[in-house]
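Visitor: I'd like to learn how to read a structure like this one. Could you walk me through a few features?

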Amino acid sequence: MRLLCGAALALLLASAAGCAGGQDTADAAAPAAGVIRLGTLVPLTGRSSPSGDAMVSAARMAVDEANARGGVLGRRVELVVGDDACDAGTAVAAAHAMVAQDVTVSVGGYCSSATVPTLKIFRAAGVPMVLAQSNSTDLLTPKYDSVFLVCGTVTAEADFAADWMKRLGARRLAVVHDGTSFTVTLAESAVAAARRSGTLGVAGEWQIRQGAPGYARTAQSLVASGADVVYYTGYYAEARQLVVDLRDRGYRGIVVVGDGATDGPLLDGLSGPQIADLYGTALLVPELMPELASWSERYRAAVGSAPGPSTVEAYDAVTIALDAIRRAGTVDREAVRKAIAATDLTALSGPVSFNPDGTRTTPRFLLLHATGTGFRLIPQPAQG
């Protein structure tokens with residue numbers, strides 16, 4: 001598949017061999033002449049590894065398709081993959097290693113808590129970041145002009161969630177997070193959105209611990225709060241356990257989970273009564289979107305499985321980066337950064353352009369409703 005020879009071929013084959021177990025182990029030496037490297041830093045170990053694996057598959061698909069069209073600027077594109085394990089310390093070490101491999105753009109990012117501490121590393125190296133999934137407002141705090149979010153921020157998601165909670169008839173909201181960057185900022189944004197609404201009261205905020213065997217005490221406290229809607233802003237493993245504990249303690253109200261929980265096997269092992277009135281605010285889910293049917297078929301042919309959540313954004317992050325490199329006409333990182341800032345294209349996820357702070361101008365979210373066989377998409381009400 002790779003039409004290179006000699007040392008260049010050896011380097012790329014060595015990188016590809018490292019992917020067999022799910023994580024690339026590309027040579028840290030300078031890239032072969034003519035190669036453009038993109039780096040993707042995602043969780044390949046830990047509880048979020050299924051999402052990271054899917055993101056790598058989608059990013060690699062975008063790279064392979066670009067190479068099949070002749071590459072970019074006459075050069076082939078290579079994807080360098082690193083594992084951040086959704087852990088800050090692991091992410092920092094992996095980011096340093098990725099910078100050493102001379103990537104032009106970073107196109108990864110899943111857990112914001114792992115992405116935030118890498119910002120200054122990529123910034124110091126002059127590497128612009130197109131973040132596929134990470135969307136905590138903490139990413140904006142440094143005010144770097146080299147960080148661009150493919151997804152809408154937690155503020156936009158919280159507004160979307162609060163609006164839907166009111167439409168579902170909720171009157172009193174309890175918010176639960178796990179203490180990490182993304183989950184805390186989404187929780188705080190949800191509370192602020194509820195208070196702005198004037199009709200959705202706030203029972204309070206609760207924190208649970210990632211990886212705990214159960215959340216019985218928290219569930220009992222939530223029941224006692226009188227909340228008729230619980231919004232959990234963390235990830236799917238803890239979300240599933242919290243749903244079980246809430247239902248076991250007699251909670252029969254609405255449960256809404258954030259996009260970190262709808263991205264994964266949230267419903268595995270849950271019974272019909274447990275998933276009653278269970279909803280999720282989500283990013284894009286290809287299987288529920290007919291307009292992505294053609295791309296989904298290509299993904300299935302390339303990867304061997306259906307595309308799940310996170311895949312569209314990972315594919316688009318590569319698309320945005322390569323489009324910027326083409327328009328810049330160079331791999332000079334500063335020129336590419338300026339080109340990303342000026343992005344104006346239609347990607348799988350819709351129109352893409354960025355505000356001066358790096359946020360996307362037209363973010364999109366979905367509301368999903370759990371059923372006995374998965375999720376169904378709740379149509380967005382007509383505007384006006």
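Guide: Sure, and keep in mind that this is a predicted model. Let's start with helix length: the expected span of a helix is 1.5 Å times one less than its number of residues. Here, α13 has 18 residues and spans 26 Å from first C-alpha to last, close to the 26 Å expected.

Visitor: How many of the 18 residues of α13 are buried?

Guide: Buried means under 20% relative accessible area. In α13 that applies to 14 of the 18, so the helix is mostly covered, going by that cut-off. Just after α13 comes Gly-329, with a positive phi of about 70°.

Visitor: At what angle do the axes of α13 and α14 cross?

Guide: Roughly 115°, with the axes of α13 (residues 311-328) and α14 (residues 333-341) coming within 8 Å. The crossing is right-handed. On the α13 side, the contact is made by Ile-320, Ala-324, Ile-325, Arg-327 and Ala-328. From α14 come Ala-335, Val-336, Ala-339 and Ile-340. Sorted by class, that contact has eight nonpolar residues, one charged and no polar ones.

Visitor: Is there a general idea for reading spacings along a helix?

Guide: An α-helix has 3.6 residues a turn, so residues three or four places apart point the same way.

Visitor: On to cysteines. Which ones form a disulfide?

Guide: The rule is a pair of cysteine sulfur atoms within 2.5 Å. Cys-86 and Cys-111 fit, with their sulfurs 1.8 Å apart, and the count comes to one disulfide. The link is right-handed, with 75° about the S-S bond. Cys-86 sits in the loop between β2 and α3, and Cys-111 in the loop between β3 and α4, so the disulfide ties together parts 25 residues apart in sequence. Both Cys-86 and Cys-111 are buried.

Visitor: Why is Cys-151 not bonded to Cys-111?

Guide: Because the sulfur of Cys-151 is 13 Å from that of Cys-111, the closest cysteine sulfur, which is too far for a bond. Cys-151 is buried too, at 4% relative accessible area.

Visitor: One last thing: loops. Is Ala-227 buried or exposed?

Guide: Buried, because its relative accessibility is 9%. Ala-227 belongs to the loop between α8 and β8. Setting aside neighbours within four places in sequence, Ala-227 touches Arg-172, Leu-173, Ala-174, Ala-203, Leu-222 and Tyr-251. Take Arg-172: Ala-227 is 55 residues from it in sequence, yet their C-alpha atoms are 4.9 Å apart in space.

Definitions and conventions
Residues are numbered from 1 along each chain as its sequence is written. This is a predicted model: local features need pLDDT of at least 70, side-chain atom pairs count only at pLDDT 80 or more; totals for chains, interfaces and linings use all residues. Side-chain values use heavy atoms; hydrogens and water are left out. Helices (H or I, at least four residues) and strands (E, at least two) are DSSP runs, numbered from the N terminus. Buried means under 20% relative accessible area, exposed over 50%, partly exposed in between (1.4 Å probe, protein chains only). Axes are lines fitted to C-alpha atoms, for helices over the stretch in contact, and angles run from 0 to 180 degrees between N-to-C directions. A crossing is left-handed if the near helix is turned anticlockwise from the far one by less than a right angle, and right-handed if clockwise. Contact means heavy atoms within 4.5 Å. Ala, Val, Leu, Ile, Met, Phe, Trp, Tyr, Cys and Pro count as nonpolar, Asp, Glu, Lys and Arg as charged, and the others, Gly among them, as polar.
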